[in-house]
Amino acid sequence: MLKLTLGLVPAAIVLACAIVALGAVNGFAGEPACGRASWYGPGFHGKTTASGETYNQNALTVAHKTLPFGVRLRVTSQKTGKSVIVRVNDRGPFIAGRFLDLSKAAAAKLGMLQAGVAAVCVERL
């Protein structure tokens, strides 16, 4: 156990610090490695993304609020167990409670097109 001049550190604080440290190793400091993802496609197909490239709903890409463009992620659906590797090329999503916005093609590979939103876990590659 850790000791400070103020006494013992509560286990909850130690656990929280460990979770933040592990998140930093995977590139998700301050953000969960699991959360809700949505997808976007037809209305944005052919438009310019935040990275400057043209959005292609048929490519395996993803929007994230802060990760650097070009970072590759393995996204796994908690419901289906299916995984897809995507590349960050845009910013978003801009709806509370979501941390990824997948391309239509990536969403199809995860089996979430019809639902629109899915619980996923992410690993930075």
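Helices (H or I, at least four residues) and strands (E, at least two) are taken here as DSSP runs, numbered from the N terminus. Thr-61, for one, has its place in strand S4. The model is a predicted one, so local features need pLDDT of at least 70 and side-chain atom pairs count only at pLDDT 80 or more, while totals for chains, interfaces and linings use all residues. Residues are numbered from 1 along each chain as its sequence is written, and side-chain values use heavy atoms, with hydrogens and water left out.

On the whole, the chain holds 2 helices and 8 strands, and reading along the sequence gives the pattern β-β-α-β-β-β-β-β-α-β. Of its 125 residues, 34% count as buried, where buried means under 20% relative accessible area, exposed over 50%, and partly exposed in between (1.4 Å probe, protein chains only). Contacts, meaning heavy atoms within 4.5 Å, often span long stretches of sequence: of those in the chain with a separation of 6 or more, 68% come from residues 24 or more positions apart.

Now for the strand pairing, which calls for at least two DSSP bridges between two strands. S3 and S8 pair in the antiparallel sense over 5 bridges, and Arg-36 stands opposite Ala-119 in S8. S8 also runs antiparallel to S5, again with 5 bridges joining the two; here Thr-76 stands opposite Cys-121 in S8.

Next comes the interior. A nonpolar core is a set of buried Ala, Val, Leu, Ile, Met, Phe, Trp, Tyr and Cys residues joined through side-chain atoms within 4.5 Å. The largest one has 19 residues, of which Leu-73, Val-75, Val-86, Leu-100, Leu-102 and Val-120 touch the most other members. At least two residues of this core come from each of strand S5 (72-77), strand S6 (83-90), strand S7 (98-103), helix H2 (104-110) and strand S8 (117-124). In soluble globular proteins, nonpolar side chains tend to be buried together. Setting aside neighbours within four places in sequence, Val-86 is in contact with Leu-60, Thr-61, Val-62, Val-71, Arg-72, Leu-73, Val-75, Leu-102 and Ala-106.

Thr-61 shows up in that list, and at 2% relative accessibility Thr-61 counts as buried too. With neighbours within four places in sequence left aside, its own contacts are Tyr-55, Asn-56, Val-86, Arg-87, Asn-89, Leu-102, Ser-103 and Ala-106.

Another buried polar residue sits in strand S3 (residues 34-40), namely Ser-38, with a relative accessible area of 3%. The Ser-38 side chain makes a polar contact with the side chain of Asp-101 at 2.7 Å. (A polar contact is a pair of N or O atoms within 3.5 Å; within protein, one must be able to donate a hydrogen and the other to accept it, and residues adjacent in sequence count only if both atoms are side-chain atoms.) Not counting residues up to four places away in sequence, Ser-38 touches Pro-93, Arg-98, Leu-100, Asp-101, Leu-102, Met-112, Gly-116 and Val-117.

Tyr-40 is found in strand S3 as well, and this brings in the aromatic rings. Rings of Phe, Tyr and Trp (its six-membered ring) pair if their centres lie within 6.5 Å; planes under 30 degrees apart count as stacked, over 60 as edge-to-face and the rest as tilted. The structure holds 2 such pairs. Tyr-40 and Phe-44 meet edge-to-face, 5.3 Å centre to centre with 75 degrees between the planes. Tyr-40 and Tyr-55 are stacked instead, at 4.6 Å and 15 degrees. Since Tyr-40 lies in strand S3 and Tyr-55 in the loop between S3 and strand S4 (61-63), this pair ties together parts that are 15 residues apart in sequence. Ring pairs thus link Tyr-40, Phe-44 and Tyr-55 into a cluster. Tyr-40 is buried at 9% relative accessible area and Tyr-55 at 2%, whereas Phe-44 is partly exposed at 46%.

Beyond neighbours within four places in sequence, Tyr-40 is in contact with Tyr-55, Ala-63, Asp-90, Asp-101, Leu-102, Ser-103 and Lys-104. Tyr-40 and Pro-93 are 53 residues apart in sequence and 9.3 Å apart in space, C-alpha to C-alpha.
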